[in-house]
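Hi everyone, thanks for making time. I'd like to walk you through one structure today, helix by helix. Let's put it up on the screen.

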Amino acid sequence: MDDDSPLLVIVDAANVVGSVPDGWWRDRRGAAERLRDRLAVDGVPGHTGPVELVLVVEGAARGVESVPGVRVESAPGSGDDHMVELVAGAGERSVLVVTADRELRGRVRELGADVLGPRAVRP
């Protein structure tokens with residue numbers, strides 16, 4: 001992998017937000033914004049080197065804006081497919097995908113990405 005580029009961390013917003021039953025379903029966009037803001041402040045615990053954080057949103061959370069430290073990408077269709085495309089387009093960069101989705105985990109691992117579950121970025 002390319003040691004000169006920061007670690008690319010792709011976060012599955014729907015999956016991470018949905019991992020805690022805190023009423024997120026009443027305001028999906030607001031829940032994605034809260035996750036984005038937490039990532040902007042906390043980054044990825046345990047990763048001290050430089051990281052590029054990408055939060056992938058879909059459905060009702062589309063349109064959430066990027067903030068310094070977190071690029072938000074609205075998936076035009078399936079969030080899973082968009083994350084796979086991001087991993088495939090990363091070339092030789094090291095990539096970490098944060099999701100609990102088993103199918104997505106398998107797809108991105110086949111492309112060389114590492115995977116962590118939602119607890120990696122949830123308090």
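Okay, let's start where two helices touch. Asp80, Asp81, Met83, Val84 and Val87 in H3 meet Leu104, Arg107 and Val108 in H4. If you sort the residues of that contact by class, you get five nonpolar, three charged and no polar ones. One thing to keep in mind as we go: this is a predicted model.

So how do people talk about a pair like this? Two packed helices are described by the angle between their axes and the distance between the axes. Here, H3 covers residues 79-88 and H4 covers residues 102-110, and their axes come within 9 Å and cross at roughly 15°. Angles under 35 degrees count as roughly parallel, and H3 and H4 are therefore roughly parallel to each other. As for handedness, H3 passes H4 in a right-handed crossing.

Now zoom in on one residue, leucine 104, which sits in helix H4. Is leucine 104 buried or exposed? Its relative accessible area is 0%, and buried means under 20%, so leucine 104 counts as buried. Who are its neighbours? Leaving out residues up to four places away in sequence, leucine 104 touches Asp12, Asp80, Met83, Val84 and Thr99. Take aspartate 80 from that list: it is 24 residues from leucine 104 along the chain, yet their C-alpha atoms are separated by 6.2 Å.

Back to H3 for a moment. How many of the 10 residues in H3 are buried? Seven of them, so this helix is mostly covered. The buried ones are Gly79, Asp80, His82, Met83, Val84, Leu86 and Val87. And what do they pack against? That would be S1, S2, S3, H4 and strand S4, which is residues 95-98.

Last stop, helix H2, residues 28-42. Here's a little check you can do yourselves: at 1.5 Å a residue, its 15 residues should span 21 Å, and the end C-alpha atoms are 21 Å apart, which agrees. Which residues of H2 are buried? Gly30, Ala31, Ala32, Leu35, Arg36 and Leu39. A general point helps when you read a list like that: an α-helix has 3.6 residues a turn, so residues three or four places apart point the same way. The buried residues of H2 pack against strand S1 (7-12), helix H1 (13-17), strand S2 (51-57) and strand S3 (70-74). Then, just after H2, glycine 43 takes a positive phi of about 65°.

That's my tour, thanks for listening!

Methods. Residues numbered from 1 in each chain as written. Predicted model: local features only at pLDDT ≥ 70, side-chain atom pairs only at ≥ 80, totals over all residues. Heavy atoms only, no water. Helix = DSSP H or I, 4+ residues; strand = E, 2+ residues; numbered from the N terminus. Expected span 1.5 Å × (residues − 1). Buried < 20%, exposed > 50% of the residue type's maximum accessible area, 1.4 Å probe, protein only. Contact = heavy atoms within 4.5 Å. Axes fitted to C-alpha atoms, helices over the stretch in contact; angles between N-to-C directions. Parallel < 35°, antiparallel > 145°, perpendicular 65-115°, else oblique. Left-handed = near helix turned anticlockwise from the far one by under 90°. Nonpolar A, V, L, I, M, F, W, Y, C, P; charged D, E, K, R; others polar.
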